[in-house]
Every structure is written in structure tokens, then in C-alpha cells.
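Work through the exercises below with the sequence and the 3D structure at hand. Try each task before reading its solution.

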Amino acid sequence: MSRSAPQDNTDGVAAVERALSIVDAIAQRTEPIGLADLSRATGFYKSTLLRLIASLEKANLVVRRADGRYALGLYAHQLGRAYEATYRLAETLQPLLQGLVDQGTESASFHAYHDPRSRICLLRVDSHHSTLDRIRPGDLLPLDKGAAGKLLTAYLVRGESVETAGLILTSMGERDPSCAAVASPVFGPDDEMRGAISLSGPKERYTPASIKKMSKLLLESAARATRALGGRWPG
């Protein structure tokens, strides 16, 4: 028994390496690739490819098209966006979030799509108020509740247009009965939504006048963020 564990570990590492080489071969192509070409590119038998691709499809790293060819899946694209975001989002958005808070708004956050049920808070600046909602970078929140979550759902899940989904959304007590939020989308190249800036705090402070003021500041910041990320602000 003592000799089997290292062998199992080696087999597992080799399987991961083979799977990643398939992803790499697909990523090198500008168009989807067929099984025969993929076999030549990786040096794997078709039977081996099919077994490994089945796992990659479950992870949404690879997708099989209707014509039988293979392309990168949604999760692979999300990883690419996350990698780029690591280097650009914080540098671009953190000063904008701080600027919103310094102008007297509620706490400012930036939320991105995480999975079919969740959004993730990537950046956060707490307001100067004594009471605030407690959210931290890395927290997962419902995708179907709250202003930021509903914007992400509209643009990235349902594929709605700006005309349908809008550029500002307010929520009152959806995620937390005592909290409210107003959010606006941020776009990158090709008009793709990168995430949503949200101003959130205790619901009693969300009067019509404060919502109007925060919405104006939020739209200005979202537009600046969009342009800084190489996107085109539609407003």
C-alpha cells in the first residue's frame, strides 16, 4: 500500500498535464479544431483525447460545437478575463471607488460574475458612515439578488442589451432586508460587461434625493472606468 500512493499521484499529474496540453492546442487556433487535427497537434490517440475532453467539457474549459469541432469553453474565457482583471481592474477601479466614497456616497464595491448562482466582490471601499453593510473582497453574493447581481444577470446570463437592461439599477432590501444598493455596469473592449460598480448601505439612507445624487456620481464613474478599460460607454 505504501508504494501505490506515489504512483497514483504521478498518474494524476500526468493526466492534468495531458488535459492542459489539449486546452493549449485549442487555444493556439483562431478557429475551432477537429478531433483528427487535435490528435496530430497533441500526439494523443483519439480515444485518449475523447476521455480527457469529456472531463474538460464538464469543467467548461472545452466545448464541442454542433459541427463536431472543439473550442475553448466559457470557463476558459473567464479565466482569461480574470487574469487580465488582476492586473488592470484594481489599478483602474480602486481610485474611482475611493473617489465615490470621498464624495459622500455609501460603500463602493466592484462585483463580477463568478458562477451561475454567484457574483464575487473583487474590490471594496467602505463609506465614512458609522454604520455600513459588511462586505469584503472575495465574498460571494447571490447573482439573482441585489442591484449588482441583477445587472450581471441581465447582461451576462440573459444577454440583454443596454436598451433593455439599462445603465442604473436600484435594489431595496433584496439581498439583506436592511440594506439597499444602486449599481451601474462597467464595459470593456467589444462592449463586453466586465462587472458592476455598486454603492450599498443601510436602507434608511436611500431616500429619493440620495439615490438621485449617488446615481449621477455612479454613472460618471462607470463611464470613466469603461473608457479606462478600453470600452465604449453607451450613455
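**Exercise 1. State the mean pLDDT of the chain and how much of the chain reaches 70 or more.**

Step 1. pLDDT is the predictor's confidence in each residue, from 0 to 100. The mean over the chain is 88, and 92% of the residues reach 70 or more.

Step 2. Over residues 1-8 the pLDDT is below 50, and this stretch has 0 contacts in the model beyond near neighbours in sequence. Contact means heavy atoms within 4.5 Å.

Step 3. Note the ground rules. The model is predicted: local features need pLDDT of at least 70, side-chain atom pairs count only at pLDDT 80 or more, and totals for chains, interfaces and linings use all residues. Residues are numbered from 1 along each chain as its sequence is written, and side-chain values use heavy atoms, with hydrogens and water left out.

**Exercise 2. Give the strand order of the open sheet and find its edge strands.**

Step 1. Helices (H or I, at least four residues) and strands (E, at least two) are DSSP runs, numbered from the N terminus. Two strands pair if DSSP finds at least two bridges between them.

Step 2. The open sheet has 6 strands in the order β5-β4-β3-β8-β7-β6, with antiparallel pairing. The edge strands, each pairing on one side only, are β5 (140-142) and β6 (169-172).

Step 3. Neighbouring strands are turned by 35° against each other on average, direction ignored. Axes are lines fitted to C-alpha atoms, for helices over the stretch in contact, and angles run from 0 to 180 degrees between N-to-C directions.

Step 4. Take one pairing: β6 and β7 run antiparallel and are joined by 4 bridges. Leu-169 stands opposite Ala-183 in β7.

**Exercise 3. Determine which strands α5 and α7 lie across.**

Step 1. α5 lies across β3, β4, β5, β6, β7 and β8, at about 35° to β7.

Step 2. α7 lies across β6, β7 and β8, and runs at about 25° to β7.

Step 3. Is α5 mostly covered or mostly uncovered? Buried means under 20% relative accessible area, exposed over 50%, partly exposed in between (1.4 Å probe, protein chains only). α5 is mostly covered, with 8 of its 11 residues buried; among them are Leu-151, Leu-152 and Tyr-155.

**Exercise 4. Describe the largest nonpolar core.**

Step 1. A nonpolar core is a set of buried Ala, Val, Leu, Ile, Met, Phe, Trp, Tyr and Cys residues joined through side-chain atoms within 4.5 Å.

Step 2. The largest such core has 39 residues, and those with the most contacts inside it are Leu-93, Phe-110, Ile-197 and Leu-199. α7 gives the largest share, 7 residues.

Step 3. Another core, of 17 residues, lies apart from it and includes Ala-25 and Phe-44.

**Exercise 5. Find the aromatic pairs and say which residues they link.**

Step 1. Rings of Phe, Tyr and Trp (its six-membered ring) pair if their centres lie within 6.5 Å; planes under 30 degrees apart count as stacked, over 60 as edge-to-face and the rest as tilted. The whole structure has 2 aromatic pairs.

Step 2. Tyr-155 and Phe-187 are edge-to-face, 5.4 Å centre to centre with 75° between the planes. Tyr-155 lies in helix α5 and Phe-187 in strand β7, so the pair ties together parts that are 32 residues apart in sequence.

Step 3. Phe-187 and Trp-233 form a tilted pair, 6.2 Å centre to centre with 55° between the planes. Both residues are buried.

Step 4. Ring pairs therefore join Tyr-155, Phe-187 and Trp-233 into a cluster.
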